[in-house]
Amino acid sequence: MMDRESIEGLLESLDKSIVKYTRKYETLDKHFKDENDHVLSTEFDEYKERKDEIAEQYTAETLNILQRLDALCKTVRKSQPVLDEITVPQMNRNGRFPRRMALGKLHVQYKNIDLYVPQMFEFPFKKPMYICDTDQCELIHKIVLRLLYALPMDKQEYYIFDPVGLGKNMYRFNRLFANETIFPHGKVMTDMNELKHTLKDVMEYVRNLYSDTFQLQYDCLDWDSFNRRMYSRNRQSAMLPYKIFIFMDVPEGMD
């Protein structure tokens with residue numbers, strides 16, 4: 001069930017409000033107008049009064065939704081601001097993983113409504129992201145930049161595989177490769193065997209989490225619930241990092 005006070009929930013409420021009052025107008029016109037789209041002069045005052053009443057209700061309801069939406073957008077942008085200018089205060093310093101991630105924006109338009117709202121994704125991400133256009137490296141950079149600032153700095157790891165570009169697709173982040181906390185390999189992977197060994201190590205790491213750390217020690221279901229529990233107990237140092245794999249290409253012969 002969608003959270004009614006989420007951006008998506010409020011947009012859905014706005015859409016339902018528009019549909020509801022559009023149907024009210026249609027019902028009113030069907031009742032008062034003839035086949036030539038005219039209203040009898042004897043009924044015009046009643047028609048106008050009821051139409052104005054519908055318009056007043058619509059304006060009040062949509063204004064309420066838009067005000068709540070604006071307040072929520074400001075709250076989102078306070079913790080995940082637009083990264084036009086990158087500053088240290090924008091970094092996640094509270095050690096908590098966000099419930100939702102702002103990636104891009106949505107343009108909402110309808111008659112006199114015209115606004116942009118952050119496009120939110122549940123975090124942890126439930127499925128991989130795919131970019132099919134090889135010229136969209138800038139989009140990848142924006143996503144990585146958002147993650148770097150929205151996630152706790154010491155709780156995120158990046159593994160990048162770029163067998164064709166040999167690392168040039170991530171050149172903007174070269175200075176960060178020396179930080180082994182963020183980039184454990186300290187470089188971009190270009191060899192399939194290197195990638196296979198890395199994936200094997202991570203799979204073993206995950207297997208141990210599910211067979212030992214999560215259930216036997218803390219009775220947790222997954223990575224997310226474990227980290228939430230550690231945070232609630234003020235044990236940020238025990239929280240597990242989020243591991244991000246970025247594949248710039250998939251060469252032939254790779255299983």
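A residue counts as buried when its relative accessible area is under 20%, as exposed when that area is over 50%, and as partly exposed in between. This briefing uses those words for a predicted model. The protein has 5 helices and 4 strands. Its radius of gyration is 26 Å, well over the 18 Å that the globule rule gives for 255 residues, so the protein is more spread out than a compact globule.

**Overall layout**

- Along the sequence, the elements follow the pattern α-α-β-β-α-β-α-α-β.
- The C-alpha trace spans about 85 × 45 × 40 Å along the principal axes of the protein.
- Of the 255 residues, 35% are buried.
- Among contacts with a separation of 6 or more, 65% join residues 24 or more positions apart.

**Surface and charge**

- The accessible surface of the protein is about 17100 Å².
- Carbon and sulfur atoms hold 51% of that surface.
- The protein carries 37 positive and 41 negative charges.
- The mean positions of these two sets of charges lie 6 Å apart.

**Helix H1**

- Helix H1 covers residues 7-32, which makes 26 residues.
- At 1.5 Å a residue, H1 should span 38 Å, and its end C-alpha atoms are 38 Å apart, so the two values agree.
- The buried residues of H1 are Ile7, Gly9, Leu10, Leu11, Leu14, Ser17, Ile18, Tyr21, Leu28 and Phe32.
- Their cover includes helix H2 (44-79), strand S1 (100-110) and strand S2 (113-122).

**Helix H2 and Thr62**

- H2 has 36 residues, and at 1.5 Å a residue it should span 52 Å.
- The end C-alpha atoms of H2 are 52 Å apart, which agrees with that expected span.
- Buried in H2 are Tyr47, Ile54, Tyr58, Thr62, Ile65, Leu69, Cys73 and Val76.
- These buried residues pack against H1, S1 and S2.
- Thr62 is one residue of H2 to look at in detail.
- Thr62 counts as buried because its relative accessibility is 6%, and the cut-off is under 20%.
- Leaving aside neighbours within four places in sequence, Thr62 is in contact with Leu14 and Ser17.
- Both of these partners are among the buried residues of H1.
- Thr62 and Ile113 are 51 residues apart in sequence, yet their C-alpha atoms are 9.6 Å apart in space.

**Loops and unusual backbone**

- Most residues other than glycine have a negative phi, and most peptide bonds are trans.
- Asp37 has a positive phi of about 70° although it is not a glycine.
- Asp37 sits in the loop between H1 and H2.
- Asn234 also has a positive phi, near 60°, and is a residue other than glycine.
- Asn234 belongs to the loop between H5 and strand S4 (242-247).
- Asn234 is exposed because its relative accessible area is 60%, and exposed means over 50%.
- The peptide bond from Phe123 to Pro124 is cis, with omega near 5°.
- Pro124 is placed in the loop between S2 and helix H3 (137-150).

**Asp224 in helix H5**

- Asp224 lies in helix H5, which covers residues 223-232.
- Asp224 is buried because its relative accessible area is 17%, and buried means under 20%.
- Not counting residues up to four places away in sequence, Asp224 touches Arg99 and Pro124.
- Pro124 is thus met twice here: it follows the cis peptide bond, and it is touched by Asp224.

**Glu194 in helix H4**

- Glu194 is found in helix H4, residues 192-218.
- Glu194 is partly exposed because its relative accessible area is 23%, and that class lies between the 20% and 50% cut-offs.
- Not counting residues up to four places away in sequence, Glu194 touches His185, Lys187 and Met189.
- Glu194 and Phe161 are 33 residues apart along the chain, and their C-alpha atoms are separated by 9.3 Å.

Conventions
Residues numbered from 1 in each chain as written. Predicted model: local features only at pLDDT ≥ 70, side-chain atom pairs only at ≥ 80, totals over all residues. Heavy atoms only, no water. Helix = DSSP H or I, 4+ residues; strand = E, 2+ residues; numbered from the N terminus. Rg over C-alpha atoms; globule rule 2.2 N^0.38 Å. Buried < 20%, exposed > 50% of the residue type's maximum accessible area, 1.4 Å probe, protein only. Contact = heavy atoms within 4.5 Å. Areas by Shrake-Rupley, 256 points an atom, 1.4 Å probe, with all protein chains shown as cover. Lys, Arg positive; Asp, Glu negative; His and termini not counted. Charge placed at Lys NZ, Arg CZ, Asp CG, Glu CD. Expected span 1.5 Å × (residues − 1).
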